[in-house]
Amino acid sequence: MKKFAILGLVLAGGMLFAAGCGGGSSSSSKTVQLRMVNANPYVVPSSYDFLVAGTSFTTGLPFGSSSAYATVASGTSTIEVRNNGVPNDVISQSVTLTGGDNYSFVAVGTSSQTPSGVLLTDNNTVPTSGNVAVRVINACDAVGPMDVYINPAGTNLFSVTANVSNLAFGAGSGYQSIAAGSIEIRLQAPGDKSATGNRLDFTSTLAAGGAITVVASDVVAGFSPCIFQQLTDLTT
């Protein structure tokens, strides 16, 4: 009988040890990295407050800027966006966040429509050797759908095909892998490679192993229909 009692204690101790080790799950599977992006130039009074699950995430985020990544719980949650200092939501969106992933929540808007949010999964995996990952978000309603070209700077458009065709307002291009160095992003009218079809042109010098997102947003006043905001998703 004593042998059975001792065996029972050993087994119970083993079970408690397994439970203490988390049963095979890690804390990273229960959390995500989330950041907020204000890509709506029509926000009044020029900045947004963001809440996640009823708790303040960041306040007074101006147009054309983003918050730092912060850790939040995975699972289903509600993201709320409010005009700075105002208690009423302009966006209230239920989202599902998978543990271990990185996300960007982008607030977009037009001059005539209610603001909306776009949730995108960010790259947290190092690209292939010598390359960088580049993604474009079309938050530029003034232009409409666009063909996206991401190439080494100076590339002749007529020698390449679009990385993404007809990218709609509020959509992301997905990550495109390109050799590190000086890159050029050109957003053209769909099917038009001519100079008159060239809507936007953005260049940047990028180190290998990283990932960026470039957001094209409306300009309320100015000569260009849109402006660019570069976000760092992954550093080398």
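# Exercises on a two-sheet strand protein

The protein has one helix and 18 strands. The model is predicted. Work through the tasks with the structure open.

## Exercise 1: The overall picture

**Task.** What share of the residues is buried, and how much accessible surface does the protein have?

**Solution.**
1. Start with the chain length. There are 236 residues in the protein, and 42% of them are buried.
2. Turn to the outside. The accessible surface comes to about 11500 Å². Carbon and sulfur atoms account for 57% of that surface.
3. Add the contacts. Take those between residues at least 6 apart in sequence: 62% join residues at least 24 apart.

## Exercise 2: The disulfide

**Task.** Which cysteines form a disulfide, and which parts of the chain does the pair tie together?

**Solution.**
1. Apply the cut-off. Two cysteine sulfur atoms must lie within 2.5 Å. The count comes to one disulfide.
2. Name the pair. Cys140 and Cys226 form the disulfide, with sulfur atoms 1.2 Å apart.
3. Place both ends. Cys140 sits in the loop between strand S10 (131-139) and strand S11 (146-152), and Cys226 in strand S18 (residues 226-234), so the link ties together parts that are 86 residues apart in sequence.
4. Read the handedness. The angle about the S-S bond is -50 degrees, and the link of Cys140 and Cys226 is left-handed.
5. Check burial. Cys140 and Cys226 are both buried.

## Exercise 3: The sheet with S12 and S16

**Task.** In what order do the strands of the open sheet with S12 and S16 run, and why is one side of each edge strand left without a neighbour?

**Solution.**
1. Write the order. Four strands form this open sheet as S12-S11-S15-S16, with antiparallel pairing.
2. Find the edges. Strand S12 (164-167) and strand S16 (198-206) each have a single partner strand, so one side of each has no neighbour in the sheet.
3. Add the twist. From one strand to the next it averages 20 degrees.
4. Inspect one pair. Strand S15 (residues 181-188) meets S16 in the antiparallel sense over eight bridges. Gln188 has Asn198 in S16 as its bridge partner.

## Exercise 4: The sheet with S3 and S7

**Task.** Which strands stand at the edges of the open sheet S3-S2-S6-S7?

**Solution.**
1. Set out the sheet. It has four strands, and the pairing is antiparallel.
2. Look at the ends of the order. S3 and strand S7 (89-97) are the edge strands. Each has a single partner strand, so one side of each is left open in the sheet.
3. Add the angle. Neighbouring strands of this sheet are turned by 20 degrees against each other on average, direction ignored.
4. Inspect one pair. Strand S6 (residues 75-83) and S7 pair over eight bridges in the antiparallel sense. Arg82 has Asp89 in S7 as its bridge partner.

## Exercise 5: The nonpolar cores

**Task.** Which residues have the most contacts inside the largest nonpolar core, and which strands supply it?

**Solution.**
1. Size the core. The largest nonpolar core has 21 residues.
2. List its best-connected members. They are Val134, Val136, Val148, Ile150, Ile185 and Leu187.
3. Trace the strands. S10, S11, S12, S15, S16 and strand S17 (211-218) each supply at least two residues of this core.
4. Find the other core. Another lies apart from it, with 18 residues, among them Val32, Leu61, Val95 and Phe105.
5. Zoom in on Ile150. This residue is found in strand S11. Its relative accessibility is 4%, so Ile150 counts as buried.
6. Check its surroundings. Beyond four places away in sequence, Ile150 touches residues including Val134, Val136 and Ile185. Ile150 and Val136 are 14 residues apart in sequence and 9.1 Å apart in space, C-alpha to C-alpha.
7. Do likewise for Val134. Beyond four places away in sequence, its contacts include Ile150, Tyr175, Leu206 and Ile212.

## Exercise 6: Positive phi

**Task.** Where is Ala53 placed, and is Ala53 buried or exposed?

**Solution.**
1. Recall the usual sign. Most residues other than glycine have a negative phi.
2. Read Ala53. Its phi is near 55 degrees, a positive value.
3. Place Ala53. It lies in the loop between strand S2 (47-52) and strand S3 (55-62).
4. Judge its exposure. Ala53 has 56% relative accessibility, so it counts as exposed.
5. Set Asn166 beside it. Asn166 also has a positive phi, of about 55 degrees. The place of Asn166 is in strand S12. At 46% relative accessibility, Asn166 counts as partly exposed.

Note on methods:
Residues numbered from 1 in each chain as written. Predicted model: local features only at pLDDT ≥ 70, side-chain atom pairs only at ≥ 80, totals over all residues. Heavy atoms only, no water. Buried < 20%, exposed > 50% of the residue type's maximum accessible area, 1.4 Å probe, protein only. Pairing = 2+ DSSP bridges. Axes fitted to C-alpha atoms, helices over the stretch in contact; angles between N-to-C directions. Contact = heavy atoms within 4.5 Å. Areas by Shrake-Rupley, 256 points an atom, 1.4 Å probe, with all protein chains shown as cover. Core = buried A, V, L, I, M, F, W, Y, C linked by side-chain atoms within 4.5 Å.
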